[in-house]
Amino acid sequence: MTEIPAEPFPGPPRLIFMGTPDFAVPTLEALLSHGHHVLAVVTQPDRPKGRGKRLTAPPVKELALKHRIEVLQPEKASEDLFCAQIRKKEPDLIVVVAFGQILRKKLLDIPRWGVVNVHASLLPNLRGAAPIQWTILNDEPKTGLTVMQMDEGMDTGPILFQEEIAVLKDETAGHLHDRLAVLAGDLMARSLERMSGNIVRASPQDHSRATYAPKIGKELCLVNWKEEAAKVSARIRGMDPKPGAYTRWEGDEIKVFASTVIDRNREVGSPGQVLGLREECLVIGTGRGTVGVRDLQYPGKNRLPAREFLRGFALPEGAVLGQ
């Protein structure tokens, strides 16, 4: 595989940016603020969104239009017609951040210096679609970002740059997502600076150490109060804000958010038992220890702080959730 770059950039490289959701926006912003020449932005097609199913543009498209950059929205980015469009633009490099489609070799081979991707984990740890959520679900003490040279595998390409960060106490997947999104933009901008005028050595991943972060299904969102407090809290925070962890009470599914471990070992109450309010948290028993839930959401209603939720919804002390 070609090292990046094989010769000094004659100036800022001619880039094509591929990305779709909010996570990709700070990287495009960083590239533009550093004066990089973005030939075009490639993003997913507009999709129906919300209760009204209104056709909505991806966040990356909105930013590109604001800067008057050409936007391409292929249904399949590896179709021959689309690849021909990209080939005509003669890009030096394609930068990919959370684009949302598998890229085939015929597209990856077009740019002179290949295709680079920012992935939200320290590869080969947590390859796949949901590394941020699985970082929290696994109660990992640290995570980070990887800039890699893309190949046809799922996050298997050689590593160019990595940056490690600590996971904060009681951090939710949403908060970690926002932190990593900003850091990804900064890392990519610095990575391109290091590439300019230098040959960058790509390090192969140790595939024997790979772990995976598949898409989150609803079955993972159901809280098992019989687990120990640390695991219960990690599950709740890993699903916060979306899709939201939930528990059952009298036939309803109640979503729970923003959890913390109150006590790791003390045996208080039974798993799922409501133990009252403490420091704005609804305290709930687990298989070992107790957790505090700061926010709850009744079906069809807004997410509310625990104290406010209890004013409008009868969840008495002693009630056992999950039955």
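**A walk from the aromatic cluster to the sheet**

Tyr298 has a relative accessible area of 26% and therefore counts as partly exposed, since that value falls between the 20% limit for buried and the 50% limit for exposed. The model in which this tyrosine is seen is a predicted one.

Tyr298 is a convenient place to start because its ring takes part in a tilted pair with another ring. A pair of aromatic rings is described by two quantities, the distance of the centres and the angle of the planes. The count of aromatic pairs in this model comes to two. In one of them, the ring centres of Tyr298 and Phe313 are 4.8 Å apart and the planes meet at 45°, so the pair is classed as tilted. This pair links distant parts of the chain, 15 residues apart: Tyr298 belongs to the loop between β14 and β15 (304-305), and Phe313 to the segment after α8 (306-312). Phe313 has a relative accessible area of 14% and is therefore buried. Phe313 also pairs with Phe309, again in a tilted arrangement, with 5.1 Å from centre to centre and 45° between the planes. Phe309 and Phe313 are both buried. Through these ring pairs, Tyr298, Phe309 and Phe313 are linked into a cluster.

Aromatic rings also meet charged side chains. The charged end of Arg112 sits over the ring of Trp113, at 4.6 Å from the ring centre. Lys218 lies over the face of Tyr246, and here the distance to the ring centre is 5.3 Å.

Tyr246 falls within strand β10 (245-249), one of the elements against which the buried residues of helix α7 pack. The others are α5 (131-137), α6 (173-195), β11 (252-263) and β14 (290-297). Helix α7 covers residues 229-238, and nine of its ten residues are buried, so the rest of the structure largely encloses it. The buried set includes Ala229, Val232 and Ile236, and also Arg235 and Arg237.

The loop that follows, between α7 and β10, holds Pro241 and Pro243. Each of these prolines is preceded by a cis peptide bond: Asp240 joins Pro241 with omega at about 10°, and Lys242 joins Pro243 with omega near 0°.

Two other loops contain a residue that is not glycine and yet has a positive phi. In the loop between β3 (47-49) and β4 (54-56) is Lys53, whose phi is near 55°. Its relative accessible area is 60%, so Lys53 is exposed. In the loop between β12 (274-278) and β13 (281-285) is Glu279, whose phi is near 50°. Glu279 also counts as exposed, because its relative accessibility is 71%.

The last stop is a sheet. Strands of a sheet pair through backbone hydrogen bonds, in either a parallel or an antiparallel sense. Here seven strands form an open sheet with mixed pairing, in the order β5-β2-β1-β6-β7-β8-β9. The edges are β5 (71-72) and β9 (159-166); each has a single partner strand, so one side of each has no neighbour in the sheet. The partner of β5 is β2 (residues 37-42), and the two strands pair in the parallel sense over two bridges. In this pairing, Val42 stands opposite Leu72 of β5. Helix α6 packs on the sheet, where it touches β1 (14-19), β6 (93-97), β7 (115-119), β8 (142-149) and β9. The direction of α6 makes about 145° with that of β9.

Key
Residues are numbered from 1 along each chain as its sequence is written. This is a predicted model: local features need pLDDT of at least 70, side-chain atom pairs count only at pLDDT 80 or more; totals for chains, interfaces and linings use all residues. Side-chain values use heavy atoms; hydrogens and water are left out. Buried means under 20% relative accessible area, exposed over 50%, partly exposed in between (1.4 Å probe, protein chains only). Helices (H or I, at least four residues) and strands (E, at least two) are DSSP runs, numbered from the N terminus. Contact means heavy atoms within 4.5 Å. Rings of Phe, Tyr and Trp (its six-membered ring) pair if their centres lie within 6.5 Å; planes under 30 degrees apart count as stacked, over 60 as edge-to-face and the rest as tilted. A charge sits over a ring if NZ of Lys or CZ of Arg is within 6 Å of the ring centre and within 35 degrees of the ring normal. Two strands pair if DSSP finds at least two bridges between them. Axes are lines fitted to C-alpha atoms, for helices over the stretch in contact, and angles run from 0 to 180 degrees between N-to-C directions.
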